[in-house]
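Let's take a walk through this protein, starting with the overall picture and then zooming in on a few strands and a helix. Have the model open and follow along.

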Amino acid sequence: MTSRHPKMDQVISELTEILGTRCSTAAAVREQHGKDESWHFPKAPDAVCFARSTEEVSRIVSVCATHKVPVIPFAAGTSLEGHVNAVYGGVSIDLNEMNEILRVSPEDLDCTVQPGVRRKQLNEYLRDTGLFFPIDPGADASIGGMASTRASGTNAVRYGTMRENILSLKVVLPDGRVISTGHRAKKSAAGYDLTKLYIGSEGTLGIITEVTLRLYGIPEAISAATVSFPDIEGAIKSVILTIQSGIPVARIELLDEVQVDAVNRYSNLDLAVQPTLFLEFHGSSASVQEQAEQVSAICSEFGAEGFKWTTQAEERTKLWQARHDAAYAAMALRNGAQIWATDVCVPISRLADCILETKKDLAESFLVAPLVGHVGDGNFHLSFVIKKENPEELKEAERLNARLIERALSMDGTCTGEHGVGLGKKKYMYMEHGEAVDVMAAVKRALDPDNIMNPGKIIPDRAAE
């Protein structure tokens, strides 16, 4: 149990002078800001500040820096590795009121937004311009949170991740100063790439207050497809051959038979309860049809049945909503259960080995854990359906998760393809990065010598000391 910071009352008094009632110590508000959608047990901050501008964020951070009080950024709260937990107490800065779309430049295919802007909000705003922002992690996450966790999602196989789609950031540093990490030029050779440093930094190096994003033209035609396989190996091999053949598929998602059963029940689908691919194709009407036919032919080589594709927007929406609701569908398999979500990513040539060995582990376990993945880029997820109050289930989930991560790392993969490190994966950082972790810790100490920015995340404890 961490004791309350000795300067906390003074900090709250100073922040109240700046923000008035937008600095809250109400128990319900604090509890809300000490948890995300992960399995990690919540830890509430001592106060929550609702910021409305970069200037306010800077002033809040400056007060906290003076008294060496921890600062934790918060927006949608949809992260999956305990990123917003106030491990050492401190002040949570809620960025949800910073939700303005500041600029859209259709001719340059870019825009600038505040961090509290949600993904769906941005695309609704862009609709009349003929543009869209493609990164789709499933949840209606905030753009700032997506930048902080280096989010990815179902479209990454074609459009990349947040890393490839951010041009520049405005960041409040741990001492309250404000910097811009770049400009709108599509490329630059001027100095260190601070934009990439802050993407995925999970609030440990500063707080993102503006994001400049790449945009794309809405495709002329979009079609979606489903196809089922008698075994998961055939599905994976179809994915690998599709990617190796250079077919520009926009989305290619794998659901194992357990996950298919779950989404059938939860989303009222009638898919065959077999390993299944969900696919989407973007382009002209002719190219979309050609892509679908090519993938159908590849899938048939590996025993696929029932390749169905549609260009109807309503049917596509229902299909992808079911995919995005996969975690809730998994949770519904067991009354009173919660989800321990985890993910890894491996080179696509090792994907079949990694998934098949993981499925073998699951078959020998008493836990249910549906598997779903953005397999076009080698990334997949497990959702352990557990009851957190049961120590045996927590222990088994921890064991399976450790085996999954060690397996991925042995295949030259990573402990997390898109969820981020947070609390849950930091103990695997040395296993993945070796001495490079000490370099990360040195960067953290240089920028945040008092360790006030989201402390306890990413950097393993022994490296942070």
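**A hairpin and its neighbours**

Start at Arg103, which stands opposite Thr112 in strand E6. Keep in mind that you're looking at a predicted model. Arg103 sits in strand E5 (residues 101-105), and four bridges join E5 to E6, with the two running antiparallel. Together E5 and E6 make a hairpin with four residues between them. Look at Leu109 in that turn: its phi is positive, about 55 degrees.

Now, what happens on the two faces of E6 (residues 110-113)? Both are covered. Asp110 and Thr112 lie on one side, Cys111 and Val113 lie on the other, and all four are buried. That split fits a simple pattern: in a regular strand the side chains alternate between the two faces of the sheet. E6 also pairs with strand E10 (residues 207-214), again in the antiparallel sense and over four bridges. Follow Cys111 across and you'll find its bridge partner in E10, Leu213.

Next, hop over to a sheet of four strands. This one is open, has mixed pairing, and is ordered E1-E2-E4-E3. Strands E1 (23-24) and E3 (71-74) are at the edges with a single partner strand each, so one side of each is left without a neighbour in the sheet. Strand E2 (residues 47-50) and strand E4 (residues 91-94) pair in the parallel sense over four bridges. One pair to click on is Phe50 and its bridge partner in E4, Asp94.

For a helix, try H10 (residues 257-267). Its buried residues are Gln259, Val260, Ala262, Val263, Asn264 and Ser267. As a reminder, an α-helix has 3.6 residues a turn, so residues three or four places apart point the same way. What covers the buried residues of H10? The cover includes strands E13 (251-255), E14 (276-283) and E17 (371-374), along with helices H12 (313-324) and H13 (326-331). Just after H10 comes Asn268, with a positive phi near 60 degrees.

Finally, zoom out. The protein chain holds 18 helices and 18 strands. A compact globule of 465 residues would have a radius of gyration near 23 Å, and the chain's 22 Å agrees with that. Its C-alpha trace spans about 65 × 55 × 40 Å along the principal axes. Buried residues account for 57% of the 465. Of the contacts between residues at least 6 apart in sequence, 72% join residues at least 24 apart.

Technical notes
Residues numbered from 1 in each chain as written. Predicted model: local features only at pLDDT ≥ 70, side-chain atom pairs only at ≥ 80, totals over all residues. Heavy atoms only, no water. Rg over C-alpha atoms; globule rule 2.2 N^0.38 Å. Buried < 20%, exposed > 50% of the residue type's maximum accessible area, 1.4 Å probe, protein only. Contact = heavy atoms within 4.5 Å. Pairing = 2+ DSSP bridges.
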